[in-house]
Amino acid sequence: MLRRLIAAAFLAAALTTLPATGASAADAPLRDLADARGIYLGTAVTGGRLTGGYADVAGAQFGSVTPGNEMKWGSVEPTRGTFDWTGADRVVAFAEAHGQRVRGHTLVWHSQLPSWVTDGTWTADRLRTLLTDHVTAEAGRYKGRIDHWDVVNEPLADDGTLRRSVFGATLGESYIADAFRAARAADPAARLYVNDYSTDAVGAKSDGMYALVKRLLAQGVPVDGVGFQAHLVLGQVPASLETNLRRFADLGVDVAITELDIRMTLPATDAKLARQKADYASVVRSCLAVTRCAGVTVWGFTDSDSWIPDFFPGQGAATPYDENLVPKPAYAGIAGTLAPVTPPAPGVCSVTYAVTSQWTGGFTAQVTVRNTGTAPLNGWTVRWTQPAGQRVTQAWNTALTQTGADVTASHLAYNATVPPGGSTAFGFNGVRSGGNPPPTALTCTPGG
Ligand code: XIL
């Protein structure tokens, strides 16, 4: 919540970075648009490609980067005891040079493990130590430099029960708690996430995740967030995405879209790309709608750097930029959704005051509020000063207070809105002890 308020304060700052001529807010980099709305917009990157145009787009457009492969166990410790941090270091250095956050991905996963882990024969105790040592080594190396860690990736089977991975099968669910505790100890500043796919909709698998997170929190396990990979299919953004994010947030954890891509059967057509634009917009909208949604990460920003064609034969074009780093309609879908919300025009009003009858010691007046603007008037407040000690005794069609000579009269619910060119009136009875000169300092202010 506080983050969103702070973000609003930075809105103006973000918009001063707009190009000068003919530019609308939607032309600002995605990272600035997202910042101004209180979320981050991130991308997975391939460390080895961070030069030239690829690096330019990655650095300029995204506020967060995730190493696509470079932090996986198989990458950092291909041989037992021999660490190779080259790829991971490169991505972290790039992020720091470009003022970006890093989503660390991932400390514990059943896939892309080094063969010495998968091929070894481990007792439960040995495997547990191996796992927590790995978490301690990697999270410790990047201590203080990682915004979010995907501590455990894909712990669940399709039906929402514990995946029978080498860790799940040997150690049961307890390995998850151990990994989180080791990560917290190694890097207390990082926000610690559990991350999975096909948990985007409300359903059996996300119910399993929900129950798991609830159990972990009840045990005091330091889980700060839940990541939803969102590897989606064109036209199939789950209708329950926002509801699902919100129910996790209501558990007291952050949520994030961590690996968004939206694949289609190739070739891409204009119609499919238009559909994809709407789909991207809808995912970003869901995150914006949930206060605890920290941000959205796309799993590769260019189609030339997407895992989809390799893993889903015949499918592709899943990211917001084409192979030549030209933004696709999906890019505009994201930018348009992140564009600043323009506050409604405040409206313009004018006011007239007329005494409609008067008698010894008293009078009745009618005050008319007119909308002289071109937008609807959403509420109004009329103020004036009674110059000769007149006092209001009873008013109608307004909420009126008088302090000394100063009177303030505001709309009620039913007459707050006045259309352009329209008017509304209220009245009052007053007492007087002498003459009945008209009010001074009579003003109408929109709103109030
Ligand atoms: C993918 C990478 O993008 C590919 O380059 C690699 O060959 C396989 O893994 N879920 C995850 C990611 O959590 O780590 C996967 O990344 C995609 C699915």
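**Reading a ligand pocket, two domains and a disulfide**

Guide: Start with the ligand: the space it takes is the largest pocket. Keep in mind that this is a predicted model.

Visitor: Which residues come nearest to the ligand?

Guide: The ligand has 13 residues around it. Asn69, Lys72, His105, Asn153 and Glu259 come nearest.

Visitor: How many residues of that shell are nonpolar, polar or charged?

Guide: Sort the shell by residue class. Four are nonpolar, six are polar and three are charged.

Visitor: Where do I look for polar contacts with the ligand?

Guide: Look for pairs of N or O atoms within 3.5 Å. Asn69 has a polar side-chain atom 2.9 Å from a ligand oxygen. In the side chain of Asn153, an N or O atom is 2.9 Å from an oxygen atom of the ligand. Glu154 places a polar side-chain atom 3.2 Å from a ligand nitrogen.

Visitor: How much of the ligand's accessible area does the protein cover?

Guide: On its own, the ligand has 410 Å² of accessible area. The protein covers 81% of that.

Visitor: Now zoom out. Which domains does the chain have?

Guide: The domain assignment gives two stretches. Domain 1 is 10–338, and domain 2 is 349–446. Their centres, taken over C-alpha atoms, are 58 Å apart.

Visitor: What is a disulfide?

Guide: A disulfide is a covalent bond between the sulfur atoms of two cysteines. In this structure the count comes to two disulfides. One of them joins Cys287 to Cys293, with S to S at 2.0 Å.

Visitor: Is the link of Cys287 and Cys293 left-handed or right-handed?

Guide: Read the angle about the S-S bond. For Cys287 and Cys293 the angle is -100°, and the link is left-handed.

Notes: Residues numbered from 1 in each chain as written. Predicted model: local features only at pLDDT ≥ 70, side-chain atom pairs only at ≥ 80, totals over all residues. Heavy atoms only, no water. Domains from an automatic or database assignment. Near = heavy atom within 4 Å. Polar contact = N/O pair within 3.5 Å; in protein donor to acceptor, adjacent residues only side chain to side chain. Areas by Shrake-Rupley, 256 points an atom, 1.4 Å probe, with all protein chains shown as cover. 1 Å grid on protein atoms, 1.4 Å probe; cavity = no way out; pocket = protein on both sides within 12 Å on 5 of 7 lines; lining within 4 Å. Sits in = over half its atoms within 2 Å of the grid points. Nonpolar A, V, L, I, M, F, W, Y, C, P; charged D, E, K, R; others polar. Disulfide = S-S within 2.5 Å.
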